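I opened the notebook to work through this structure by looking up one packing arrangement or residue at a time. The entries below follow the order in which I went.

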Amino acid sequence: MPQKGMRTVFFKSPPSSSSSIPGTPSSSHSSRPTLSDSMVEETIEVAESFVARWRPDLVAAGSLFQGDDREEARQFIKAVKNLHAAMHCLASRHSSSERLVRAHDLMRVGMERLQKEFYRILSVNREYLYPDSVSSVQSPMTVSARSSVSDFEVELEDEFRFANESSTEVERVSMSAMADLKAIADCMISTGYGKECVKIYKTVRKSIIDEGLYNLGIEKLSLSKVQKMDWEVLEIKIKIWLRGVKTAVKSLFEGERILCDHVFSASVPIRESCFAQISKDGAMILFEFPELAAKYKKTPEKIFITLDLYEAIADLWPEINYIFSSTATSMVQSQAVNSLIKLGQNIRTLIADFEMAIQKESSKTPVPKGGVHPLTRYVMNYISFLSDYSGILDDIMADSPLPTQLSMPESYYGTPKQDDNPITLHFAWLILVLLCKLDGKAEHYNDVALSYLFLANNLRYIVDKVRNSNLRFLLGDEWIERHESKIKLYSSKYMRIGWSGVFSSLPTDVVAEISPEDARESFRNFNRAFEETYRKQTSWLVPNQKLRDELKISLAKELGALYGEFYARNRGRARRVSGSDPVVRLSPDDLGNYLSDLFYGSGSESVGSASSNYSSSHSSPSSRGRFVR
């Protein structure tokens with residue numbers, strides 16, 4: 001029983017039963033060395049001398065951890081730890097002795113000093129302990145639990161030495177502060193004051209996380225608030241998030257994780273719990289935003305910024321998985337995964353909506369001059385931009401294969417290969433849907449030749465888009481070659497149908513001997529057929545220079561060669577008869593000049609109509625070619 005006038009003393013001790021911080025070191029009495037009474041008394045006296053010099057209420061005392069010399073701090077921490085060991089010896093012998101009361105009071109004051117030092121170091125070095133600074137100056141020391149006072153002293157001395165040997169000023173100050181904080185935390189945890197240490201740390205460091213996110217423009221939003229926003233406002237917020245998320249993860253949270261792991265290396269449960277309390281709220285706000293954005297009203301154009309959101313999280317996943325790997329922060333990982341799932345669903349829906357939009361496009365007005373249809377430009381620009389995200393889309397579309405009933409004809413795609421990526425097949429399918437739509441639109445032209453020129457123009461645009469974008473590497477050269485052949489087919493059909501009247505106006509055998517009257521009649525028929533075809537086609541357009549040149553060269557070779565042979569053999573026979581109209585109006589050079597004027601769309605805007613008066617527009621002597629009237 002305790003003596004009269006004395007009070008029973010309960011002191012802080014490491015066992016988990018005496019601390020709300022999980023995982024504090026065990027304090028089994030059997031594992032502690034037994035001290036003689038004289039050693040206990042000496043330990044208390046040493047601790048008392050240190051505590052007296054560094055009482056927290058002594059303003060003149062300054063700080064234990066200042067300047068480059070940490071010998072006094074090291075001796076103070078050693079005295080406190082020895083005092084704690086002495087208290088265990090006293091408690092096992094005389095749980096209510098005066099010496100135990102005295103030691104308890106000394107421990108309380110010593111801990112107050114260390115708490116004050118801990119707070120001061122965190123506050124004064126706030127700039128040097130900012131997460132992005134910490135992440136670049138990790139300590140090389142191996143994190144391990146200390147089993148004895150001597151182990152602690154050796155590692156503490158190494159920590160202080162490493163801090164002083166750091167190269168730059170920022171590194172030196174950062175590492176010095178980290179070493180000081182770690183030394184204090186190790187001491188407070190081992191003596192049963194881990195809860196007080198964590199409370200101070202959390203108060204200071206959580207504000208840094210919150211401030212960092214605020215400076216990056218990351219804010220907490222609700223679903224209802226997001227859905228009420230104008231798209232322009234939400235788009236700005238998404239772009240702010242995209243600019244800030246990498247810094248938030250790789251500097252802010254990773255730096256804080258490094259600092260927390262370093263300072264509380266003495267206890268895995270403590271450091272995980274502490275980091276969770278500091279970072280969880282901010283991280284949840286950060287990774288919840290993409291999921292909220294994915295729930296906004298969907299239109300196909302939003303797919304690109306949605307892909308940016310998905311890609312940002314996917315690229316940072318290794319860091320997210322490492323930083324928030326503990327059970328205490330598992331909900332952050334779950335939120336990031338949920339955002340990826342929701343964004344992926346959104347992207348698949350947008351691609352399906354895009355395909356449906358192509359199929360439902362119902363305009364029936366032919367594109368003037370047979371040029372490139374706006375739908376072709378829109379779809380191919382959209383798909384070529386999508387192809388830049390092919391790596392991400394492979395993951396997203398892996399579970400969305402094309403239905404078997406929508407398999408592509410071999411003449412279009414070739415035989416699908418086992419290693420064809422899902423997104424490759426989707427891109428090929430979307431282009432096939434577009435081509436089928438264009439086939440239908442070609443039927444709206446009254447002139448069959450113009451319909452084939454329209455198809456050649458649009459397929460030329462499609463193939464060029466594939467060749468000059470990432471689609472080339474996805475669809476392959478075989479796909480391009482197949483469609484190049486189709487362009488040639490459309491071009492030949494345009495020439496065969498569009499110029500059939502001109503070709504048929506000449507004799508079947510242009511080198512055969514014919515009478516002067518037949519020669520004159522053939523020239524008249526050729527002039528009439530060429531003028532009619534030229535008047536009509538001068539308004540037609542081939543915007544692609546390569547295709548335009550190919551068509552002109554092909555026409556010049558076939559029609560020019562045929563007419564040139566006929567002209568050379570029959571010009572003399574069809575010489576002008578006095579008082580009659582001239583029948584030889586075009587030389588081969590004149591014909592070439594007129595053909596060179598085609599496909600610029602310089603005529604009438606109406607489809608299939610003449611552009612301007614054929615004769616008058618070429619009757620000037622200064623014209624490159626002219627009819628002789």
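**Entry 1: helix 17 and helix 18**

I began with helix 17 (residues 448-467) and helix 18 (residues 471-498), whose axes come within 8 Å and cross at roughly 160°. I kept in mind throughout that this is a predicted model. Because angles over 145 degrees count as roughly antiparallel, I entered helix 17 and helix 18 as roughly antiparallel to each other. I also noted the hand of the crossing, and helix 17 passes helix 18 in a left-handed one. Sorting the residues of this contact by class, I have 18 nonpolar, three polar and six charged for helix 17 with helix 18.

**Entry 2: Glu484**

I then looked up a charged residue, Glu484, and found its place in helix 18. Is Glu484 buried or exposed? Its relative accessibility is 14%, and since buried means under 20%, Glu484 counts as buried. Setting aside the neighbours within four places in sequence, I listed Arg460, Val463 and Arg467 as the residues in contact with Glu484. I also looked up the C-alpha to C-alpha distance between Glu484 and Ala456, which is 9.7 Å for a pair 28 residues apart in sequence.

**Entry 3: helix 14**

Next I turned to helix 14 (residues 390-397), which I recorded as mostly covered, with six of its eight residues buried. Which residues of helix 14 are buried? They are Ser390, Ile392, Leu393, Asp394, Ile396 and Met397. I then asked what the buried residues of helix 14 pack against, and wrote down helix 11 (303-323), helix 12, helix 13, helix 16 (422-442) and helix 18.

From these partners I picked helix 11 for a further look, and found that helix 11 and helix 14 pack at an angle of about 90°, with their axes 10 Å apart. Since angles from 65 to 115 degrees count as roughly perpendicular, I entered helix 11 and helix 14 as roughly perpendicular to each other. On the helix 11 side the contact is made by Leu307, Tyr310, Glu311 and Ala314, and on the helix 14 side by Ile392, Leu393, Asp395 and Ile396. By class, the residues of the contact of helix 11 with helix 14 come to six nonpolar, no polar and two charged.

**Entry 4: helix 6 and helix 7**

I looked up another helix pair, helix 6 (residues 169-190) and helix 7 (residues 194-215), and found that their axes come within 7 Å and cross at roughly 145°. The residues that meet are Ala185, Met188 and Ile189 in helix 6 and Gly194, Glu196 and Cys197 in helix 7. I divided the residues of this contact of helix 6 with helix 7 into four nonpolar, one polar and one charged.

**Entry 5: positive phi values**

I then went through backbone angles, bearing in mind that most residues other than glycine have a negative phi. Lys369 has a positive phi, near 70°, and is a residue other than glycine. I located Lys369 in the loop between helix 12 (330-360) and helix 13 (374-387), and with 12% relative accessibility Lys369 counts as buried.

Phe599 also went into this entry, as its phi is positive, about 75°, although Phe599 is not a glycine. Where does Phe599 lie? I placed Phe599 in the loop between helix 22 (588-596) and helix 23 (614-617), and its relative accessibility of 0% makes Phe599 buried.

**Entry 6: Val511**

I looked up Val511 in the loop between helix 19 (500-504) and helix 20 (516-537). At 38% relative accessibility, I entered Val511 as partly exposed. With the neighbours within four places in sequence left aside, Val511 is in contact with Glu565 and Arg569. For Val511 and Tyr567, which are 56 residues apart along the chain, I noted a C-alpha separation of 9.9 Å.

**Entry 7: the whole chain**

I closed with totals for the protein chain, and first wrote down its secondary structure, which comes to 23 helices and zero strands. Of its 629 residues, 49% count as buried. Taking contacts between residues at least 6 apart in sequence, I recorded that 81% join residues at least 24 apart. The chain exposes about 29,300 Å², and 51% of that area is supplied by carbon and sulfur atoms.

How values were computed. Residues numbered from 1 in each chain as written. Predicted model: local features only at pLDDT ≥ 70, side-chain atom pairs only at ≥ 80, totals over all residues. Heavy atoms only, no water. Axes fitted to C-alpha atoms, helices over the stretch in contact; angles between N-to-C directions. Helix = DSSP H or I, 4+ residues; strand = E, 2+ residues; numbered from the N terminus. Parallel < 35°, antiparallel > 145°, perpendicular 65-115°, else oblique. Left-handed = near helix turned anticlockwise from the far one by under 90°. Nonpolar A, V, L, I, M, F, W, Y, C, P; charged D, E, K, R; others polar. Buried < 20%, exposed > 50% of the residue type's maximum accessible area, 1.4 Å probe, protein only. Contact = heavy atoms within 4.5 Å. Areas by Shrake-Rupley, 256 points an atom, 1.4 Å probe, with all protein chains shown as cover.
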